[in-house]
Amino acid sequence: MEFNLAVVAGAVADAVPDRDYFVQGDHRLTYRAFMDRAHQLGNALVERGLRCHTERNDLAGHESGQDHLALYMHNCHEFLEANVGSFAARVAPFNVNYRYVDDELVYLLNDQKTAAIVYHSTFAETLERVRHLIPTLRVLLQVDDGTDRDLLQGAEWYADALSAQPTRPPAVSPSPDDLYVLCTGGTTGMPKGVLWRQADIFVSALGGMSSSTKTEFGSIEEIVTEAVGRGDRFRNMPAAPFMHGAAQWNALTALTHGNRCVIPSAARSLDPVEIWSAVERERVTMLQIVGDAFARPLLDELEARSYDLSALKIIMNGGAVLSAGAKQRFVDHLPHVTVGDGLGTSEAGSTGTSMSTSRGVSTSFFDLSPNAHVLSADLTQPLAPGSDELGWMATAGRIPLGYLGDAAKTASTFPTIGGIRYVVAGDRAKLLADGRMELHGRDSVTINSGGEKIFAEEVEQAIIAHPAVADVVVCGRPSERWGSEVVAIVRLRTNTVVTPEELLELAGVHLARYKLPKAFVFRDHIQRSPAGKADYRWAKEQALSDS
């Protein structure tokens, strides 16, 4: 049995119509109110001619037969209901990084052959400058976000488009083959649209496995029974932007599980006071964050004042490395909370977890999901547990179809080995004797210095252990002697001073000498994506400008 996400969400909403799904400050939507709005959006899209025009079985993995809709917004209920409403209309929504400048935005919208955009008024000025460069664009729905921006010529107010439509599902037949599209962040290269069948992403990342049987759901009735049985106990807070996969997955998993999704009122920046206040007020049970860029401000606020966080059970990290020091601080402050690391990528879904508690902190070692593997360095075979070879993390089973419009990249990232199709997203790893995986880092940010491979993330973790360091990104730059040399871009905590020698001394406790930075560049700001991911292109610019 396979499922379309709009069908799943609709069935859960029918079963728990009066249960709160979405909370942002004083704004609340029940499951029924949310799905009514999603269906209205879906009907508005169908009325404007957006549709599925070619079925999946007539397409290659890198091709789409659906119209694509851009989600160009900060976190809000409209982002989620436009997502689900698109699914109901057989339209493929995709995420837009709202920090993109004009050229980057034009590239992404054309790469996705964008037919429609739902956007916040605050982005109207940017959209006005580039819209004439997007020949496929024909529908613009503008969401009033309280900013003083007029409606773009030819656009419609989102609220007006919804109000004119019925709340019943659109008169189309959604398919499990319909697309879920997640665009990569573009922090190491140009973004790519990852094409998932909805049936596959549901199982791989959105809760499509029964918590009681640990197997895939066999019917809508099973999904509904578990959602009803959970009651109103589970309340998720994705603190990251929905334009980042981890936050989207958290919110959509809550929807398919019958859980409450709580998001901070401050949608444009990280506000630790607002986050902890909302966790306290709404009795949030699971908080989702992205790496130390989120963790450290939240931890500093915990040290500054007291909150009743007794309902909180788990802090779940995903999308960027969470340092051992940050994990230890969390469990010291909140000994009743488990700190989880979720290992996953846009191309592989959820592939592993690492859990830390007051009894001990885990760092780079992960328990793998059933379909996760480590492949040999030459990509010819899966490695056996206990192999000392540094291989490639890979996933089989329910994985994406490919990258939109890129047959060559699809073939290289999704190889077939021994008759099994895998996704190899670029993470290097070792498979330990006990079946756990030791993660080494992304090959795309690996530095080859003097013939040795150095993983940027492990150097970052060694440096950020220094109490004076607030943030760090590590990259390589050309070196006449080494080919490439390791450079650390560092932001210090306010009113602290530290020398490169002191940083090297501490890092040398954790790293072999050849991995240590050859230079440190100190900056007042470290550029990251809105989701907290390191921007390695920016880091390289800083390293080169200081050479």
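**Strand 8, the largest cavity and a pocket**

In this predicted model, strand 8 is covered on both of its faces, with Leu179, Val181 and Cys183 buried on one side and Tyr180 and Leu182 buried on the other. In a regular strand the side chains alternate between the two faces of the sheet. The points below take up the pairing of this strand, then a cavity that Leu179 helps to line, and finally a pocket.

**Strand 8 and its partner**
- Strand 8 spans residues 179-183, and five of its five residues are buried.
- Strand 8 runs antiparallel to strand 9 (residues 193-197), and the two are joined by five bridges.
- Leu179 has Arg197 of strand 9 as its bridge partner.

**The largest cavity**
- Four cavities of 30 Å³ or more are found in a search of the whole structure, and the largest cavity holds about 60 Å³ of space.
- Leu179 of strand 8 is one of the residues lining this largest cavity, and the lining also includes Asp177, Asp178, Arg56, Arg90 and Glu55.
- Sorted by class, the lining of the largest cavity comprises five charged, four polar and three nonpolar residues.

**The second largest pocket**
- The second largest pocket has a volume of about 710 Å³, and among the 33 residues that line this pocket, Arg99, Leu270, Ala293, Phe294 and Pro530 are the closest to its centre.
- Helix 11 (291-304) and strand 26 (469-479) are the elements that each give two or more residues to the lining of the second largest pocket, and helix 11 gives the most, with six residues.
- The lining of the second largest pocket divides into 16 nonpolar, ten charged and seven polar residues.

Definitions and conventions
Residues numbered from 1 in each chain as written. Predicted model: local features only at pLDDT ≥ 70, side-chain atom pairs only at ≥ 80, totals over all residues. Heavy atoms only, no water. 1 Å grid on protein atoms, 1.4 Å probe; cavity = no way out; pocket = protein on both sides within 12 Å on 5 of 7 lines; lining within 4 Å. Points joined across faces, edges and corners; volume = space filled by probe spheres on them. Nonpolar A, V, L, I, M, F, W, Y, C, P; charged D, E, K, R; others polar. Buried < 20%, exposed > 50% of the residue type's maximum accessible area, 1.4 Å probe, protein only. Helix = DSSP H or I, 4+ residues; strand = E, 2+ residues; numbered from the N terminus. Pairing = 2+ DSSP bridges.
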